[in-house]
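Work through the exercises below with the structure in view. Try each task before reading its solution.

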Amino acid sequence: MKKIWIAAAMGLLMISMATVVSAENDAQKMIYSSFYGYKKPVEIKPRYAAVLDDQQLSNRYMPTPSDHPRRAKFVGIWGYLDDNTTKGYVGGIIEKRGRFGYLRGRWNTTDNSTRGRVTGILKKGFFIGKITINNERAQRIVGLYRLDSENKVFHMRWMTPHKVGWAHCRIKLI
């Protein structure tokens, strides 16, 4: 246990030394004048000779909407895991909001007897949200998703409190 505490203390000491050294390097450079016996500041030149205006900076660093689309449409089929047949259709929009994706869509069964909405958050391969059935009651839905950008396909395995299923969709960028 003593070795762990000693190693931690040495690590903190090394980190504090590194910040002191970097702070000294960032300070204004001084030269020593032997004739006068004092330190005289030296002028530090900026790294870049030309300064870009706001418009050039925004064009240079901000991606255009065509480079990074913020919305995509999806249309596909869904079914239950126990039998591998299609039970209905699903479609909607995936938007990028901050660091995660937001899914809004509608689903129905193949005979149009049941329909509803699905909303949720897509983040790091996980999906969490809710579905409504015939605009009456809401259920939680969770799952895993995989986005194949090369083939423009969206795969999902989902779970509700009583059912487990899958969804396969095509993606179209807006």
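Two strands count as paired if DSSP finds at least two bridges between them. With that rule, alanine 72 can be placed: it stands opposite isoleucine 94 in S4. The model used throughout is predicted.

**Exercise 1. Lay out the fold.**
Task: Find how many helices and strands the protein has, and in what pattern they follow along the sequence.

Solution.
- Step 1: Count the elements. There are two helices and 10 strands.
- Step 2: Read along the sequence. The pattern is α-β-β-α-β-β-β-β-β-β-β-β.
- Step 3: Look for closure. Eight strands form a barrel in the order S3-S4-S5-S6-S7-S8-S9-S10, with antiparallel pairing.
- Step 4: Add the twist. On average, neighbouring strands of this sheet are turned by 25° against each other, direction ignored.
- Step 5: Check the cover. The protein has 174 residues, and 23% of them count as buried. Its accessible surface is about 14,200 Å², with 58% belonging to carbon and sulfur atoms.

**Exercise 2. Follow the pairing of S6.**
Task: Work out which strands pair with S6 and over how many bridges.

Solution.
- Step 1: Take S5, residues 100-109. S5 and S6 pair in the antiparallel sense over eight bridges.
- Step 2: Pick a partner. Glycine 101 has leucine 122 in S6 as its bridge partner.
- Step 3: Take S7, residues 126-133. Eight bridges join S7 to S6, and the two run antiparallel.
- Step 4: Pick a partner here too. Isoleucine 121 is opposite isoleucine 128 in S7.
- Step 5: Recall the general rule. Strands of a sheet pair through backbone hydrogen bonds, either parallel or antiparallel.

**Exercise 3. Sort the side chains of S6.**
Task: Decide which side chains of S6 point to the buried face and which to the other.

Solution.
- Step 1: Start from the general rule. In a regular strand, side chains alternate between the two faces of the sheet.
- Step 2: Apply the cut-off. Buried means under 20% relative accessible area.
- Step 3: List the buried face. Gly116, Val118, Gly120 and Leu122 point there.
- Step 4: List the other face. Arg115, Arg117, Thr119, Ile121 and Lys123 point that way and are not buried.

**Exercise 4. Spot the positive phi values.**
Task: Find where asparagine 112, lysine 124 and asparagine 135 take a positive phi.

Solution.
- Step 1: Set the expectation. Most residues other than glycine have a negative phi.
- Step 2: Go to the hairpin of S5 and S6. Five residues lie between the strands, and asparagine 112 has a positive phi near 60°.
- Step 3: Go to the hairpin of S6 and S7. Two residues lie between the strands, and lysine 124 in the turn has a positive phi of about 55°. Lysine 124 counts as exposed because its relative accessibility is 74%.
- Step 4: Go to the loop between S7 and S8. Asparagine 135 is there. Its phi is positive, about 55°, although asparagine 135 is not a glycine. At 62% relative accessibility, asparagine 135 counts as exposed.

**Exercise 5. Trace the salt bridges.**
Task: Find how many salt bridges the whole structure has, and which residues share partners in one network.

Solution.
- Step 1: Count. A search of the whole structure gives four salt bridges.
- Step 2: Start at arginine 71. It pairs with glutamate 95, the closest N and O atoms being 3.4 Å apart. Arginine 71 is in strand S3 and glutamate 95 in strand S4, so the pair ties together parts 24 residues apart in sequence.
- Step 3: Compare cover. Arginine 71 is partly exposed at 34%. Glutamate 95 is buried at 14%.
- Step 4: Turn to aspartate 83. Its side chain meets that of lysine 87 in a salt bridge of 3.2 Å, N to O.
- Step 5: Return to glutamate 95. It also forms a salt bridge with arginine 104, with closest N and O atoms 3.6 Å apart. Shared partners join Arg71, Glu95, Arg97 and Arg104 into one network.

**Exercise 6. Locate valine 142.**
Task: Is valine 142 buried, partly exposed or exposed, and what is it in contact with?

Solution.
- Step 1: Place it. Valine 142 is in strand S8, residues 137-148.
- Step 2: Classify it. Valine 142 counts as partly exposed because its relative accessibility is 32%.
- Step 3: List contacts. Leaving aside neighbours within four places in sequence, valine 142 touches Phe127, Ile128, Arg157, Trp158 and Met159.
- Step 4: Take a distance. The C-alpha atoms of valine 142 and glycine 129 are separated by 6.3 Å, and the two are 13 residues apart along the chain.

Note on methods: Residues are numbered from 1 along each chain as its sequence is written. This is a predicted model: local features need pLDDT of at least 70, side-chain atom pairs count only at pLDDT 80 or more; totals for chains, interfaces and linings use all residues. Side-chain values use heavy atoms; hydrogens and water are left out. Helices (H or I, at least four residues) and strands (E, at least two) are DSSP runs, numbered from the N terminus. Buried means under 20% relative accessible area, exposed over 50%, partly exposed in between (1.4 Å probe, protein chains only). Contact means heavy atoms within 4.5 Å. Accessible areas come from the Shrake-Rupley method with a 1.4 Å probe; for residues, only the protein chains shown count as cover. Axes are lines fitted to C-alpha atoms, for helices over the stretch in contact, and angles run from 0 to 180 degrees between N-to-C directions.
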